[in-house]
Amino acid sequence: MNRILAIETATEALSLAVRDGDRIWERHEIAARKQAEWILPWTDGLLLDAGVNRRDLQAIAVSVGPGAFTGVRLGLSVAQGMALALNVPLIGVSTLAALAMGAVRISGAQRILAVIDARMGEVYAARFAWRDGVLMPVSAAQVVAPSNLDLSGIDAGWHVVGTGIDAVEGTLRQRLPADCANDATALPHATDVMTLADVEIAAGRLSLPEQVEPAYLRNRVALTIAEREQGEKL
């Protein structure tokens, strides 16, 4: 499929990409809680820049989490609405996988630990490996305190990327090997969402818009009053 729109809103950034044939247009910026306000005009503007009519899109790709609850819901709801209106497939991909794919694209990483700050003293995390031109999950995505995240086998051959590195006062950064490449500023990009969606499309794994669901990993969005008070005492 040559004409695809990709959406990533599960973290601090608003990231959009449009492909027409071999050319890709992307807009990626820290949104500062403006994602809901900017996503539709930015999408229209990017399609205009690419010279692609919305009705000519052949598929839409979206990251489905884990990530910020409101961001995941926003991206998925916009993507579902557009895919339904245009009668095109919707491909949902892991936000952690998109983050790892960025490490492959930027630095040629072969083994990646992707970690996103989940707030509430936890991180979202998963391991990936780049094998034969395909990003493969090595572990299941999880939400865990950075002090409890299993780092066995993580050495100089690994790239650790994502905001989870500096979460909870840099707990994970303090635990990483000194010679392990890491980037705490890395955020998932819509371009990488599109790359992962291409794999699903090639394999024939296409979904109806209503079949794509968010991957929250956690049902709570905030600590209870008792938990906050306990944290203040520590």
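Mentor: Two residues are in contact when heavy atoms of one lie within 4.5 Å of heavy atoms of the other. Keep that in mind as we read this chain, which is a predicted model.

Trainee: Among the contacts with a separation of 6 or more, what share comes from residues 24 or more positions apart?

Mentor: In this chain the share is 64%, counted over contacts with a separation of 6 or more. The chain holds six helices and eleven strands, and its C-alpha trace spans about 55 × 45 × 30 Å along the principal axes.

Trainee: How does the radius of gyration of the chain stand against that of a compact globule?

Mentor: For 234 residues, a compact globule would have a radius of gyration near 17 Å, and the chain, with 18 Å, agrees with that. As for the surface, the chain exposes about 11400 Å², of which carbon and sulfur atoms supply 50%, while 47% of the 234 residues count as buried.

Trainee: How should I read a single residue such as Ser63, and is it buried or exposed?

Mentor: A residue counts as buried when its relative accessible area is under 20%. Ser63 has a relative accessible area of 2%, and therefore it is buried. Ser63 belongs to strand β4, which covers residues 59–63.

Trainee: Which side chains make polar contacts with the side chain of Ser63?

Mentor: One is the side chain of Glu8, at 2.5 Å, and another is the side chain of Thr95, at 3.3 Å. If we leave aside the neighbours within four places in sequence, the residues in contact with Ser63 are Ile7, Glu8, Thr9, Ala10, Val93, Thr95 and Val193.

Trainee: Which residues of helix α4 are buried, and what do they pack against?

Mentor: The general idea is that an α-helix has 3.6 residues a turn, so residues three or four places apart point the same way. In helix α4, residues 167–175, the buried residues are Ala167, Gly170, Thr171 and Leu172. These buried residues of α4 pack against β6 (111–119) and β7 (122–131). Strand β7 also contains Tyr124, and Tyr124 is buried because its relative accessible area is 1%.

Trainee: How far apart in space are Tyr124 and Ala156?

Mentor: From C-alpha to C-alpha, Tyr124 and Ala156 are 22 Å apart, with their positions 32 residues apart in sequence. For another pair, Asn87 and Tyr216, the separation is 129 residues in sequence and 26 Å in space, again C-alpha to C-alpha. Asn87 sits in the loop between α2 (69–86) and β5 (90–93), and it counts as exposed because its relative accessibility is 71%.

Trainee: Which backbone angles in this chain deserve a second look, and where are they?

Mentor: As a general guide, most residues other than glycine have a negative phi, and most peptide bonds are trans. Here, Gly65 and Pro66 are joined by a cis peptide bond with omega about 5°, and Pro66 is placed in the loop between β4 and α2. Ala32, although not a glycine, has a positive phi of about 50°; Ala32 lies in the loop between β3 (23–30) and α1 (35–50), and its relative accessibility of 58% makes it count as exposed. Arg119 is not a glycine either, yet its phi is positive, about 60°. Arg119 is found in strand β6, and with a relative accessible area of 51% Arg119 is exposed.

Methods
Residues numbered from 1 in each chain as written. Predicted model: local features only at pLDDT ≥ 70, side-chain atom pairs only at ≥ 80, totals over all residues. Heavy atoms only, no water. Helix = DSSP H or I, 4+ residues; strand = E, 2+ residues; numbered from the N terminus. Buried < 20%, exposed > 50% of the residue type's maximum accessible area, 1.4 Å probe, protein only. Polar contact = N/O pair within 3.5 Å; in protein donor to acceptor, adjacent residues only side chain to side chain. Rg over C-alpha atoms; globule rule 2.2 N^0.38 Å. Areas by Shrake-Rupley, 256 points an atom, 1.4 Å probe, with all protein chains shown as cover.
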